[in-house]
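I opened this structure to look up a few helix contacts and some buried positions. My entries follow in the order in which I made them.

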Amino acid sequence: MAHFETNDGVPIYYTDNGSGDPILLIHGWTMNGGYWFQKNEPALAEDHRVITMDLRGHGRSGKTNDGHTLAQYARDVRELLETEALTGVTPVGWSMGTAVLLNYFEQFGSDRLDRAVFVDQSPKFHNDEEWSHGLLGEFSGDAATELATNLEYNRASAAKPFIEAMFTEPPDGETVDEMYAETTKTPTDVTTEIFLDMTYSDLRPVLDTIDVPVLLLYGEQSKIFPTDVGAWLEGAISEATHVPFAESGHCPFWEEPEKFNDEIAAFVDT
C-alpha cells in the first residue's frame, strides 16, 4: 500500500500486489478500491500484477474540494501509471470507473494501455428520443436534481436503496449498512459533484476512437442499467466482446466472482 501525490497536491492511495501483466482496478461512484479485495484482487494477483486505487475524494485518498470531474479522475489515473512506470496495462472500470476510462481514452488515447474492461456502465445517463440505455432505464435532468438533493439532505435514505439495487437480490441489512459506511468516506459534496458531472456527460463519441480490445462484463439482471447496453457497446466499439452475467446485477465481480476473475485473466493472457 502506498500513496502518490498528484500535480495539484492530492494524495492518492493505491495498492500493488502480485507480478505479471498489470491489471488496474478502478472502482465505482462513492466506492473505493477495497471492494475488489474480498473476491477479486487475491485471485487475479496469483498470476498478474494487480493495482487498485481510491479515486480522489474516495476511500483513503485525499479529501479535496477540487477536481471532481471525470476528466480529472482520468488524469489521476494517468499520473498513477506514470508514477509506477506502467505500460501494457489492462484497466478494469466498474460503473463510474468505466466513465473514467472513457475520459482517459479521450485525453490520452490508448497510451500505456494494452486493452480495457468495462463493467456495467452506460456512456450516457439521460434518455431521449434517440437513446434508451440511460441510468435506471429512464433518466432525466429532473431525476438527477432530485437524487443530488436527497443525497445532500438525507444521504442514507438516497444511498441505501441505491446500494440494494446494485444486486440481483438485496444483501442483508448489516451488509448494506457496512457498504453504506464505506461510501461515507466520500464527502457528500464530492458525491454530488462527481455524480452530476457524470450525469451530464455523453461519452458515446469516444467509443469509435478506442483502438485496443475491450471486454464488456454486464449483469443481465442489472437494475442500474436494465437495458442491453452491453450488446449496444459491442456494436459501437471496433474490437469488443460482450460477456453477459446471467445471475448478476450491477456487480458481477461480487455476484459471480469466479467467472468474473476467469474472464479477465483469460482476456489479459490472450
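**Entry 1: N103.** I located N103 in helix α3 of what is a predicted model. Is N103 buried or exposed? Its relative accessibility is 7%, and because the cut-off for buried is under 20%, N103 counts as buried. Setting aside residues up to four places away in sequence, I found N103 touching L70, A71, A74 and L203.

**Entry 2: α2 and α3.** I next examined the contact of helix α2 (residues 70-83) with helix α3 (residues 96-108), whose axes come within 8 Å and cross at roughly 75°. This crossing makes α2 roughly perpendicular to α3, because angles from 65 to 115 degrees are classed that way. By class, I noted 11 nonpolar, 2 polar and 2 charged residues in the contact. From α2 the participants are L70, A71, Y73, A74, R75, V77, R78 and L81, and from α3 they are M96, A99, V100, N103, Y104, Q107 and F108. N103 from my first entry is thus one of the α3 residues that meet α2.

**Entry 3: α4 and α7.** How are α4 and α7 oriented to each other? I read that the axes of α4 (residues 141-153) and α7 (residues 188-199) cross at roughly 170° and come within 9 Å. That makes the two helices roughly antiparallel, because the class takes angles over 145 degrees. The residues of this contact divide into 6 nonpolar, 4 polar and 1 charged. On the α4 side I listed A144, L147, A148, L151 and E152, which meet T188, T191, T192, F195, L196 and T199 of α7.

**Entry 4: α6.** I looked up which residues of helix α6 (residues 173-183) are buried, and recorded T175, V176, M179, Y180 and T183. They lie on the same side of α6, because they cover an arc of only 135° around the axis. In general, an α-helix has 3.6 residues a turn, so residues three or four places apart point the same way. The buried residues of α6 pack against α5 (155-165) and α10 (252-255). At the start of α6, I also noted a side-chain oxygen of D172 within 3.1 Å of the backbone nitrogen of E174.

**Entry 5: G62.** I closed with G62, in the loop between β4 (49-53) and α2. G62 counts as buried, at 11% relative accessibility. Which residue 51 places away in sequence did I find 5.0 Å from G62, C-alpha to C-alpha? That residue is P11. Apart from neighbours within four places in sequence, G62 is in contact with V10, P11, R56 and G57.

Note on methods:
Residues numbered from 1 in each chain as written. Predicted model: local features only at pLDDT ≥ 70, side-chain atom pairs only at ≥ 80, totals over all residues. Heavy atoms only, no water. Buried < 20%, exposed > 50% of the residue type's maximum accessible area, 1.4 Å probe, protein only. Helix = DSSP H or I, 4+ residues; strand = E, 2+ residues; numbered from the N terminus. Arc of directions from axis to C-beta. Contact = heavy atoms within 4.5 Å. Polar contact = N/O pair within 3.5 Å; in protein donor to acceptor, adjacent residues only side chain to side chain. Axes fitted to C-alpha atoms, helices over the stretch in contact; angles between N-to-C directions. Parallel < 35°, antiparallel > 145°, perpendicular 65-115°, else oblique. Nonpolar A, V, L, I, M, F, W, Y, C, P; charged D, E, K, R; others polar.
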